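I opened this notebook to keep track of what I looked up, entry by entry. The notes follow the order in which I went through the structure.

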Amino acid sequence: MGKKRALMLSLALGLFVFCVSAAEHHHVNARTKRISLEVHKKLKLLNKRGVKTIKSEDGDIIDCVDIYKQPAFDHPALRNHKIQMRPSSHVQNDHTSSQLVSQIWQRSGSCPDGTIPIRRIRKQDLLRATSLENFGQKMPVHSSYSPTDDKGTVYINSTRVELGPQVNRSAAILLTTGYNYIGAQGDINIWTPRVESPDEFTTAQIWLKNGPGEAFESVESGWVVNPKVYGNGAARLFVYWTKDSYKSSGCFDLTCPGFVQTNKDIALGMVLGPVSSKMGPQYQTTFSITKEPSTGNWWVRIGQNVPVGYFPGELFYYLTRGAATLVEWGGEVFSSKVKQNHPHTATGMGSGDFASGKLGNACYVQQVRIIDYSKQLKYPEWVGTYSDEEYCYSALNYALSLAQEPVFYFGGPGRNPPYCP
């Protein structure tokens, strides 16, 4: 009887384990199927049907999409928006960039008139995201600023400017503040700094901002290395916008409705090249953002004054009713391992070298310019430099002599014990 009872108990236990395992397997399969359906739905929403497909040498895919069917017009504020095909005003550059930067995909084909090139988002891109809802978005600023905290403070011509420390970002910037900036630009050389973790990114860019610190509006452009969004460590052309300090609005490129693209030859989110090398050739391009007061649209141009598209005025309040009050040039590293979180990230900014390396070693912004209502490009009357963590990422506005215009250098390697442990 004892043996028979033990056998029955063993069989019952085996059946129980089998049932639990089957239930868990069913639950996992159901969850996998649900995620797969959600990803498929998101891909269908993000990727508009193209009239032509181009496969780039670097593995990316371009869809040539009807300009009137681009993602921007899924935004509720843009349902009745009329596309501005080209800027009504011309920005007269006072210089010529020494190198022309191109995109690799252009070697493989071109999009026809009436379409725009859009980098196709693939399943693996979405699976890298923290959530499908937040795909293509920066994380909120999470400012820890208090009125008694001097961190995030810079003085420009004796004027105190409160930037507010940001606990998940580290910046090294040149900045100017005022009341009527309707444009800014600069020549930035291109690098591919190391990004240590797949959930981090690093940029070299221009920001134009307005609004209160906890809900500021910003339009941005430059280059970025962001493996989480783009899948690898290449430097890519990007635009970004937010109307609430990155809390819930805005995104990189065309990964959400907002930015209106008009150029058929330049693709946002695609690789830029060639890349600068240490003590070798420096490859740069001009990044420019300017507002048209008549429409409220903020136009992005690159290179030799080539319009890419614009941030529509309907997206904003402060930037539409007024102008930018703060302009920044420089770099930013996003990571949860910055500031007081040790070990610090080893994600680089700029070239990955400190600003003190200057030309040939450090990332730079040359020909720093602002535009006010005089509509003239000019060097700002007053500027200041700021670095969140000067021993990790530094900032230096340097001129060889008083007769020469300064060049802004920025960047660093991140973690470098004992200075940045």
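**Entry: a sheet of three strands**

I began with an open sheet in this predicted model. It is built from three strands, and their order is β1-β2-β4, with antiparallel pairing. Which strands sit at the edges? I found β1, residues 50-55, and β4, residues 115-119, and each of these pairs on one side only. I also noted the turn between neighbouring strands of this sheet, which is 25 degrees on average with direction ignored.

Next I looked at how β1 meets β2. Strand β2 covers residues 61-66, and its antiparallel pairing with β1 runs over five bridges. I wrote down one bridge by residue: Thr53 has Asp63 in β2 as its partner.

**Entry: the disulfide that starts in β2**

I stayed with β2 and turned to its cysteine. Cys64 is bonded to Cys111 in a disulfide, with 2.1 Å between the sulfur atoms. This pair links distant parts of the chain, since Cys64 is in strand β2 and Cys111 is in the loop between β3 (102-103) and β4, 47 residues apart. Which hand does the bond have? The torsion about the S-S bond is about -80 degrees, so I entered this disulfide as left-handed.

I then checked whether the two cysteines are buried or exposed. Cys64 has a relative accessible area of 0% and is therefore buried. Cys111 is at 2% relative accessibility, so it counts as buried as well.

**Entry: the other disulfides**

How many disulfides are there? The count is three. With bonded cysteines counted along the chain, I get the pattern 1-2, 3-4, 5-6.

Cys251 and Cys256 make up another of them, their sulfur atoms being 2.1 Å apart. This link is left-handed, with -90 degrees about the S-S bond. I have both Cys251 and Cys256 down as buried.

The pair Cys392 and Cys420 has its sulfur atoms 2.0 Å apart. Its S-S torsion is about 95 degrees, so I marked this disulfide as right-handed. Where do the two ends lie? Cys392 is in the loop between β20 and β21, while Cys420 is in the segment after β22 (407-411), so the bond ties together parts 28 residues apart in sequence. Cys392 and Cys420 are both buried.

I looked up Cys363 too. Its relative accessible area is 0%, so I list Cys363 as buried.

**Entry: salt bridges**

I counted salt bridges next, and the structure holds 21 of them. I followed a few by residue.

Arg119 bridges to Asp125, and their closest N and O atoms are 3.7 Å apart. Both Arg119 and Asp125 are buried. Which residues share a network with them? The linked set is Asp60, Arg119, Arg122, Asp125, Arg128 and Arg236.

Glu332 and Arg169 form a salt bridge with 3.6 Å between the closest N and O atoms. I noted that this pair links distant parts of the chain: Glu332 is in strand β17 (residues 324-334) and Arg169 is in strand β7 (residues 169-181), 163 residues apart. Are the two ends buried or exposed? Glu332 has 4% relative accessibility, so it counts as buried. Arg169 has a relative accessible area of 1%, so it is buried too.

Lys339 and Asp388 form a salt bridge whose closest N and O atoms are 3.9 Å apart. Lys339 lies in the loop between β17 and β18 (363-371) and Asp388 in the loop between β20 (384-387) and β21 (394-398), so this pair ties together parts 49 residues apart in sequence. I put Asp388 down as partly exposed, because its relative accessible area is 23% and the partly exposed range begins at 20%.

**Entry: the whole chain**

I finished with totals. The protein chain has four helices and 22 strands. How much of the chain is buried? Of its 421 residues, 52% are buried.

For contacts with a separation of 6 or more, I find that 73% are between residues 24 or more positions apart. The accessible surface of the protein chain is about 19,600 Å², and carbon and sulfur atoms account for 56% of it.

Technical notes: Residues are numbered from 1 along each chain as its sequence is written. This is a predicted model: local features need pLDDT of at least 70, side-chain atom pairs count only at pLDDT 80 or more; totals for chains, interfaces and linings use all residues. Side-chain values use heavy atoms; hydrogens and water are left out. Two strands pair if DSSP finds at least two bridges between them. Axes are lines fitted to C-alpha atoms, for helices over the stretch in contact, and angles run from 0 to 180 degrees between N-to-C directions. A salt bridge is a side-chain nitrogen of Lys or Arg within 4 Å of a carboxyl oxygen of Asp or Glu. Buried means under 20% relative accessible area, exposed over 50%, partly exposed in between (1.4 Å probe, protein chains only). Contact means heavy atoms within 4.5 Å. Accessible areas come from the Shrake-Rupley method with a 1.4 Å probe; for residues, only the protein chains shown count as cover. A disulfide is a pair of cysteine sulfur atoms within 2.5 Å.
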